[in-house]
Amino acid sequence: MKGKGREGKTQAATIAELLETLKGREVPVLSQGSSLEEAIHMMARFPHSRLLYVVDGKGRLTGTVSLATLVRHVFFRSHEPQIHPRFLINAIVTEAVVDIMERHPISATGEEDVEAVLKRMIEKNVNEIAALDTEKRLIGDITMIDLLAFLIARRED
């Protein structure tokens, strides 16, 4: 959706504007050394999210752990009728989120256009992404519902 600028020109809504509407909402963040047990507890604390964001010591996003990945890993016996030995070894030695995280998650920056991010999320078939600053530090999370609600609210204004 577009808003009117000072000179009457239309302006695209930015992710920074959307993040302003989400101020105060905590983001499920884990360090790279966090255990899988910590990940389970964190997932339970954040019902709005199906992603956990993994950051380094400087708060930079290094990966994500989805609910689906966590469930598959924790309950691997229920999901894999025949387990190949190489997966069994991985399941036995995995103890930290860094071992199961997605290392190249989709993200957005504050300067990006909301509609462009929405389109990218639809194309990549994701419902939630990280919002990052210019130094790749996590500044928020955005769900598909957040985007849709923001666009509807802007249209009504």
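Which residue in strand 4 is the bridge partner of Val29? The close-up views below take up this question and others, using a predicted model.

**View 1. Strands 3, 4 and 5 form an open sheet.** Tyr53 is the bridge partner of Val29, and Tyr53 sits in strand 4. Strand 4 covers residues 51–55 and runs parallel to strand 3. Three bridges join these two strands. The sheet has three strands in the order 3-4-5. Its pairing is mixed. Strand 3 and strand 5 (61–66) are the edge strands. Each of them pairs on one side only. From one strand to the next, the twist averages 35°.

**View 2. Strands 6, 7 and 8 form an open sheet.** This sheet has three strands in the order 6-7-8, again with mixed pairing. Strand 6 and strand 8 stand at the edges. Each has a single partner strand, so one side of each lacks a neighbour in the sheet. The twist averages 30° from one strand to the next. Strand 7 spans residues 128–132 and is mostly covered. Five of its five residues are buried.

**View 3. Strand 6 and strand 7 run parallel.** Strand 6 is made of residues 107–109. Three bridges connect strand 6 to strand 7. Ala108 has Ala131 of strand 7 as its bridge partner. Thr109 stands opposite Leu132, also in strand 7. Helix 6 (residues 114–124) completes a β-α-β unit with strand 6 and strand 7. The unit is right-handed.

**View 4. Strand 7 and strand 8 pair in the antiparallel sense.** Strand 8 covers residues 138–143. Five bridges hold the pairing between strand 7 and strand 8. Gly140 in strand 8 is the bridge partner of Ala131. Ala131 is also the bridge partner of Ala108. The two strands form a hairpin with five residues between them. In this hairpin, Lys136 takes a positive phi near 65°.

**View 5. A salt bridge links Glu17 and Arg154.** The side chains meet at 3.2 Å, N to O. The pair links distant parts of the chain, 137 residues apart. Glu17 belongs to helix 1 (residues 15–21). Arg154 belongs to helix 7 (residues 144–156). Is Glu17 buried or partly exposed? Glu17 counts as partly exposed because its relative accessibility is 31%.

**View 6. A salt bridge joins Arg45 and Glu26.** The closest N and O atoms are 3.4 Å apart. Arg45 lies in helix 2 (residues 36–45). Glu26 lies in the loop between helix 1 and strand 3 (29–31). The pair therefore ties together parts that are 19 residues apart in sequence.

**View 7. A salt bridge connects Asp56 and Arg60.** Here the closest N and O atoms are 2.8 Å apart. How do the two partners count, buried or partly exposed? Asp56 has 18% relative accessibility, so Asp56 counts as buried. Arg60 has 33% relative accessibility, so Arg60 counts as partly exposed. A network elsewhere has three members: Arg25, Asp141 and Asp146. Salt bridges that share partners join them. A search of the whole structure finds nine salt bridges.

**View 8. A nonpolar patch lies on the surface.** Which residues form this patch? They are Ile40, Val71, Val74 and Phe75. Together they have about 300 Å² of accessible area. Phe75 is in the loop between helix 3 (67–74) and helix 4 (76–79). With 47% relative accessibility, Phe75 counts as partly exposed.

**View 9. Glu102 lies in a loop, with Thr69 9.1 Å away in space, C-alpha to C-alpha.** The loop runs between helix 5 (85–93) and strand 6. Glu102 and Thr69 are 33 residues apart in sequence. Glu102 counts as partly exposed because its relative accessibility is 41%.

Notes
Residues are numbered from 1 along each chain as its sequence is written. This is a predicted model: local features need pLDDT of at least 70, side-chain atom pairs count only at pLDDT 80 or more; totals for chains, interfaces and linings use all residues. Side-chain values use heavy atoms; hydrogens and water are left out. Patches are made of residues with over 30% relative accessible area and no salt bridge: like charges are joined within 9 Å, nonpolar side chains (Val, Leu, Ile, Met, Phe, Trp, Tyr) within 5 Å. Accessible areas come from the Shrake-Rupley method with a 1.4 Å probe; for residues, only the protein chains shown count as cover. A salt bridge is a side-chain nitrogen of Lys or Arg within 4 Å of a carboxyl oxygen of Asp or Glu. Helices (H or I, at least four residues) and strands (E, at least two) are DSSP runs, numbered from the N terminus. Buried means under 20% relative accessible area, exposed over 50%, partly exposed in between (1.4 Å probe, protein chains only). Two strands pair if DSSP finds at least two bridges between them. A crossover is right-handed if, with the strands pointing away from the viewer, the path from the first strand over the helix to the second runs clockwise. Axes are lines fitted to C-alpha atoms, for helices over the stretch in contact, and angles run from 0 to 180 degrees between N-to-C directions.
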